[in-house]
Amino acid sequence: MFNPPTLEDLQETRRANEKLVLRALESKPEWVETELAKTTGLALSHLRAALASLLDQGRVRRLPGTGTRAVYGLADPGLADVPATPLTENAKKVRDYLEGRADSALYMSEQLRLTREEVMAALSLLNAHGMITCTFVGSLVIFRLKETQALGQENAAPEKAGRKKNVA
C-alpha cells in the first residue's frame, strides 16, 4: 500500500536539498542551473524547489545569464554576523521604518537621517533576530520585514493598531 509523503517529509527533503545546493554554491561563485543539477544529483524540479526556497530566504540570488540559462550564486547582502542582542534604538527605527514597505539601506539612511553604516548595523541586528529578508534587484539589495514578523508585531503592539498601514 502506498503512503503519500507527509508535509513534514516534504519539508525535510527540501531542507536536505537546500543544503546540497548551498554546498555546491560555496565551491564557486556562479552556477548555471543545469550544471548545478548535475553536481548535486538533484532532479531539475527538486533543484528548482530548493532554489526557490533559498531565493525567498535571501540566501541565493539569480544572476544575469546568457539567453535562457539561469545562473545562480550565493547572496551576500553585506550584513555582519552579529549576536542577537537586545535591539538598539537605531534597530527599532529601521524596524518601524520597514513596517509595510521595502527599501535599500542607502535610501533608509537618507530617510532616517542615519549613516549607511548605522543602518547596516541595525539591519545586521534585525537579521540576527530573524526579522528581515532581502531581495536582490541587480546589484541593489532591498530589505523588508518578514511577514510573520510584521504580523507578530501587530499582535505584540496593539497601540500601533490604529496606525494606517501601506498595503502592497
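The two exercises below, each with a worked solution, concern the sheet and a helix pair in a predicted model.

**Exercise 1.** Determine the order in which the three strands lie in the open sheet, and state which strands stand at its edges and which helices pack on the sheet.

*Solution.* Begin with the strand order, which is E1-E3-E2 with antiparallel pairing. Strand E1 (31-32) and strand E2 (60-63) each have a single partner strand and therefore stand at the edges, so that one side of each is left without a neighbour in the sheet. Next, examine how E1 is joined to strand E3 (residues 71-74): the two run antiparallel and are connected by two bridges, and Trp31 has Tyr72 in E3 as its bridge partner. Then add the helices, beginning with helix H1 (residues 7-27), which packs on the sheet by touching E1, E2 and E3, its direction making about 85° with that of E3. Helix H3 (residues 44-57) also packs on the sheet, where it touches E2 and E3, and its direction makes about 105° with that of E2.

**Exercise 2.** Describe the packing of helix H5 (residues 105-112) against helix H6 (residues 116-128), giving the angle, the handedness of the crossing and the residues that meet.

*Solution.* Start from the geometry: H5 and H6 pack at an angle of about 110°, with their axes 8 Å apart. Since angles of 65 to 115 degrees count as roughly perpendicular, H5 and H6 are therefore roughly perpendicular to each other. As to handedness, H5 passes H6 in a right-handed crossing. Finally, list the residues: Ala105, Leu106, Met108 and Ser109 of H5 meet Arg116, Val119, Met120 and Leu123 of H6, and by class this contact of H5 with H6 comprises six nonpolar residues, one polar and one charged.

Terms used: Residues are numbered from 1 along each chain as its sequence is written. This is a predicted model: local features need pLDDT of at least 70, side-chain atom pairs count only at pLDDT 80 or more; totals for chains, interfaces and linings use all residues. Side-chain values use heavy atoms; hydrogens and water are left out. Two strands pair if DSSP finds at least two bridges between them. Helices (H or I, at least four residues) and strands (E, at least two) are DSSP runs, numbered from the N terminus. Contact means heavy atoms within 4.5 Å. Axes are lines fitted to C-alpha atoms, for helices over the stretch in contact, and angles run from 0 to 180 degrees between N-to-C directions. Angles under 35 degrees count as roughly parallel, over 145 as roughly antiparallel, 65 to 115 as roughly perpendicular and the rest as oblique. A crossing is left-handed if the near helix is turned anticlockwise from the far one by less than a right angle, and right-handed if clockwise. Ala, Val, Leu, Ile, Met, Phe, Trp, Tyr, Cys and Pro count as nonpolar, Asp, Glu, Lys and Arg as charged, and the others, Gly among them, as polar.
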